[in-house]
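Biologist: Please take one part of this model and look at it closely, then work outwards to the rest. I would like the strands, the core and the charged pairs treated in one connected account.

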Amino acid sequence: LVSSATASASATIDFTLGSYKEYQFYFVNIHPSVDDVDFQFNLSSDSGSNYNVTKTTTYFQAMHDEADSDARVLYNDFDLAQGTGFQSLSGDDLGADTDQNLGGYLQIFNPSSITYVKHFIANTSFSHRGDYMINVFSAGYANTTSAITNIRFKFASGNIDAGTILMYGIN
């Protein structure tokens, strides 16, 4: 465990990366302050001055409703094609009811490399605002040979009302 952060009406949660070969972030009971939002991340290569690293990503999800009347696997357009925006980890449907939250992980490989692009894999599970359980799979790469120095997590709107993010470094 390198670092952890616990949200309390936090706009963002930021971490500084070092020289570990891999970083793993674990999301524990991440709860939004508002309904129908997207939990997302972006990367910085300039010590956190800008979070706008170019990324190419993929994103799909599996879902099942509480009433057992709808279950499906689908592609959603939350992926990026050489985009600099924030990458979705939940789509825009995370619920803010007291029993709704998000959990999961994000792995980033060799972020301090100044030779290769930086790959990532993420898997989250969350409670949809319409009482679905959704499992999101996303992956991609930061298309830069500059070292990644920082990572930021946030909701597309509102605050991170509660929850903990753990950062592990692996050599």
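Modeller: Strand β6 covers residues 71–75, and V73 lies in it. This is a predicted model. V73 is exposed, its relative accessible area being 63%. Together with F60 and Y75, V73 forms a nonpolar patch on the surface, and the accessible area of the three comes to about 340 Å². In soluble globular proteins, nonpolar side chains tend to be buried together. V73 does not fit that tendency, because its 63% is over the 50% above which a residue counts as exposed. R72 is partly exposed, at a relative accessible area of 39%. The side chain of R72 meets that of D70 in a salt bridge, with 2.8 Å from N to O.

In total, the structure holds four salt bridges. One of them joins the side chains of R129 and D36, again at 2.8 Å from N to O. R129 sits in the loop between β10 (118–127) and β11 (132–142), while D36 sits in the loop between β3 and β4, so this pair ties together parts that are 93 residues apart in sequence. R129 also meets D93 through its side chain, in a salt bridge of 3.4 Å, N to O. D93 belongs to the loop between β8 and β9 (102–109), and R129 to the loop between β10 and β11, so here the parts tied together are 36 residues apart in sequence. D36, D93 and R129 are thus linked in a network of salt bridges. As for burial within this network, R129 is partly exposed at 38% relative accessibility. D36 is partly exposed too, with a relative accessible area of 37%. D93, at 16% relative accessibility, counts as buried, because the limit for that class is under 20%.

The strands come next. Strands of a sheet pair through backbone hydrogen bonds, either parallel or antiparallel. One open sheet here has four strands in the order β2-β12-β4-β8, with antiparallel pairing. Its edges are β2 (12–16) and β8 (87–88); each has a single partner strand, so one side of each is left without a neighbour in the sheet. Inside that order, β4 (residues 39–44) and β12 (residues 150–155) pair in the antiparallel sense over six bridges. S44 stands opposite N150 of β12.

Strand β13 (residues 160–170) takes part in other pairings. With β1 (residues 3–10), β13 makes an antiparallel pair over seven bridges, in which S3 stands opposite M167. With β3 (residues 22–32), β13 pairs in the antiparallel sense over nine bridges, and there F27 stands opposite I165.

S4 has its place in β1. Its relative accessible area is 42%, which makes S4 partly exposed. Leaving out residues up to four places away in sequence, S4 touches F15, I165 and L166. I165 is thus a contact of S4 and also the residue of β13 that F27 faces. S4 and D14 are 10 residues apart in sequence, and their C-alpha atoms are 10.0 Å apart in space.

In β4, L43 can be examined in the same way. L43 counts as buried, with 3% relative accessibility. Not counting residues up to four places away in sequence, its contacts are N50, Y51, N52, V53, I108, A142, I148, N150 and I151. N150, the residue that S44 faces, is therefore also a contact of L43, because the two have heavy atoms within 4.5 Å. From C-alpha to C-alpha, L43 and F15 are 9.8 Å apart, with their positions 28 residues apart in sequence numbering.

I151, one of the contacts of L43, leads into the core. The largest nonpolar core has 36 residues, and those touching the most other members are F25, F27, F39, L106, I151 and F153. With residues up to four places away in sequence left out, I151 touches I13, D14, F15, L17, F25, F41, N42, L43, Y51, L106 and I108. F25 and L106 are therefore both contacts of I151 and, like I151, among the core residues that touch the most other members. F27, another of these core residues, is the one that stands opposite I165 in β13.

How values were computed. Residues are numbered from 1 along each chain as its sequence is written. This is a predicted model: local features need pLDDT of at least 70, side-chain atom pairs count only at pLDDT 80 or more; totals for chains, interfaces and linings use all residues. Side-chain values use heavy atoms; hydrogens and water are left out. A nonpolar core is a set of buried Ala, Val, Leu, Ile, Met, Phe, Trp, Tyr and Cys residues joined through side-chain atoms within 4.5 Å. Buried means under 20% relative accessible area, exposed over 50%, partly exposed in between (1.4 Å probe, protein chains only). Patches are made of residues with over 30% relative accessible area and no salt bridge: like charges are joined within 9 Å, nonpolar side chains (Val, Leu, Ile, Met, Phe, Trp, Tyr) within 5 Å. Accessible areas come from the Shrake-Rupley method with a 1.4 Å probe; for residues, only the protein chains shown count as cover. Helices (H or I, at least four residues) and strands (E, at least two) are DSSP runs, numbered from the N terminus. Two strands pair if DSSP finds at least two bridges between them.
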